[in-house]
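Let's take a friendly walk through a protein model together. Keep the sequence and the 3D view open as you read.

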Amino acid sequence: MDWAAIFSLQIVGAIATLVLLSIGLAVVFGMMKIINLAHGEFMMLGGYVAVLATHHLHVPIWISILVLAPLTVGLFGMLVERLLIRHLYGRMIDTMLATWGLSLALTGTATMLFGNTTVGISSPLPGITLGAYQTSGYGLFVIAVAVAVLLGMWALLRFTQFGLCARATMQNARMAAALGANPGRIYSLTFGLGAALAGLGGAVLAPLTGVIPTLGASYIAKAFITVIGGGSAVITGTLSAAGAFGVISQVVTFFSTPVFGEVALLLAAIVLIRVLPQGITGRFFRRAF
Amino acid sequence: MAINRRTFLRSSAISAAALSALSFKSLSAFAADDAIKIASLYDSSGGLDIYGKPIVDALTFATEELNAQGGLLGRPLSLIKYDTQSNMQLYAQYAQQAALKDRVAVVHAGITSASREVVRPVLDRYKTLYFYDNQYEGGVCDRNFFGTGVTPGQTVEKLVSHVTHKWGKKVYIVAADYNYGQIVTAWVKKYVEQAGGSSVGIEFFPLDVTNFGATISKIQEAKPDFVWSALVGGAHMSFYRQWKAAGMTGKLPIASTTFAGGNEHIVLSPEECNGILICQNYVQELQTPLNTAFVERFHSRFGADYPYITELAMGAYQGMMLWAEGVRQAGSIERMAVVEALEKGISLDLPSGKVSIDPATHHCILDVHIAEVRDRRLEVVQSFAQQAPSDTAAVCDLVKNPRDAKQYSIAL
């Protein structure tokens, strides 16, 4: 019974991790159709902001993870959008090249500034006991943040003016402009939001894995796989893809090693894309967002 | 003035003569530069830099110390440092470069066993002396090779018998997934079974894995008496972070011969690693007059806030000192002369204790100490003097077979 509880908790934790990894990319790719290859580096920046703010500026850890990291990376994302992405709308290959160059530049800058050693912060939550087993209290926190992020995004898209304009711009930018929305400002804010979510993801996962300049490279593949597997809907797509992949990878990890868990995730992604080329929400949940 | 053939030939002859005169000048300057060249190939960046940086510092310190004493054979020493960036290809490339381009007298190289086995055949082929200065899984039998680090027969056996008495007889082993991790795991299993215990679970992780959540649950399900960690590198440090996040620190003890080699006890917080038992040849906290003086000199060179002098760093320092003694006794830096001098069983008193070369195996007889991690320090619990490299000696006899040049896997 305890074993089942721990098992399910870890599966939900794996799903939550995938959600946090990919929601930022889902916002940028799903809403703006921009392939942001610097997404992993935004997460790395969020991780560094969290670690440095906690250790050097002595900001309380919760504030640096939940407030400071997303805010800093979001503002940086808006800057990137203004300087780089804005000029390349509609040119998908060019944005790929530009954002890839950006990711290399960010990795190099981080290596120069922070060195190539893993830094980390201690998990601020105690372990929790489930019967005979101990597990990480921080895992529950990750799940809580993932749920909050998804609910927040849903509320933003459903109930706010910005969400309405963003959805309209996503569907038909010129008609939305004709109706009075400002696509340039919407794109800017959306990219900033995607970057902020990436920063949040990186900061929340920092106590578990440590932060190193090459962190982005290890996250980007899974983020892309989840987003493409999920399809064009931002929230439902991410959730369904993260759910499918998270369950498969964690179950296989439990019965063998983390390496095979990764292999299983990648094989599942191949099968999924073959069967559902438009992603999960290309076929199911079509009208959701 | 129009350039005709005569003026062209004249001016080019003059400039050619002038250039060659200049280069003759620099050639003669070269002849006066008679420094003995030593190469170091270590990872000062990338995932293994936690090991590499202190080692390079120790070698720099050793070179400076030897130069302050007048160098070797009246010549200064020059240390050529190669950063292999945790990348195997660079090990092969730089080893070749050090042997062929720089023509060094000795190469100190390699942290992981994988990198050692890349470098060793290259240096064998190009007949350059090779010192491998940190702990590994044992078994290398090669006359061109000297190992100054501890092997499982020296440390694992002692630590296993200590912890099976202290904590219990069931072990769960988590190890890095490459030759070192696999072989050390086999040793741990053997010694645990010799002590009447059993291994209730074994898991291997490639060096870049950071997700240990499922493993931590599996460890709890298996209910061992203690965990043995042969995890290596920066990414594997997240095991200790996640262990503490799950609240397991203090509930289930950990023993390791790899922990602290990369200053994990400094990088991690005390709550994440207090209570771990390690067994090493050297800890900075050793209270001998030689070590206290060494630490003082090291700190005045690198700053009193230098994080920690690791066992691997001390291994490099000891390796350099042993080689220097071999050169002095041989009276030359020529490879076979130094090898034969070292094979006479050179013995030195160094900060970790007395270090002697064992002629039959080209490994060292070393003191080992069991220490406990406590608040970013390593507190010595028990010491064992002069442990011979019994595991390598069981398979290797270079006195009888001097042409041997391979690594034996010790049959378990």
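## Paired strands in chain B

Strand 7 and strand 8 (residues 198–205) of chain B pair in the parallel sense, over 7 bridges. Two strands count as paired if DSSP finds at least two bridges between them, and strands (E, at least two residues) and helices (H or I, at least four) are DSSP runs numbered from the N terminus. Across this pairing, B:Lys170 stands opposite B:Ser198. Strand 7 covers residues 170–176, and 6 of its 7 residues are buried; buried means under 20% relative accessible area, exposed over 50%, and partly exposed in between (1.4 Å probe, protein chains only).

Now look at strand 14 (residues 363–374) and strand 15 (residues 377–387) of chain B, which run antiparallel and are joined by 8 bridges. Here B:His369 stands opposite B:Ser383 of strand 15. The hairpin has 2 residues between the strands, and B:Asp375 takes a positive phi near 50°.

## How to read the model

This is a predicted model, in which local features need pLDDT of at least 70 and side-chain atom pairs count only at pLDDT 80 or more, while totals for chains, interfaces and linings use all residues. Residues are numbered from 1 along each chain as its sequence is written, chains are lettered from A and ligands numbered from 1 in the order in which they are written, and side-chain values use heavy atoms, leaving out hydrogens and water.

## Salt bridges

How many salt bridges does a search of the whole structure find? The search finds 13 over all chains, where a salt bridge is a side-chain nitrogen of Lys or Arg within 4 Å of a carboxyl oxygen of Asp or Glu. One of them joins B:Arg143 to B:Glu343, with the closest N and O atoms 2.8 Å apart. B:Arg143 lies in the loop between strands 5 and 6 of chain B and B:Glu343 in the loop between helix 13 and strand 12, so the pair ties together parts that are 200 residues apart in sequence.

B:Arg328 and B:Glu325 also meet in a salt bridge (3.0 Å, N to O). These two are 3 residues apart in helix 12 (residues 311–330) of chain B, so about one helical turn separates them. B:Arg328 is partly exposed at 37%, whereas B:Glu325 is buried at 18%.

## Where the chains meet

In this model, 31 residues of chain A are in contact (heavy atoms within 4.5 Å) with 31 residues of chain B. Between chain A and chain B there are 0 salt bridges.
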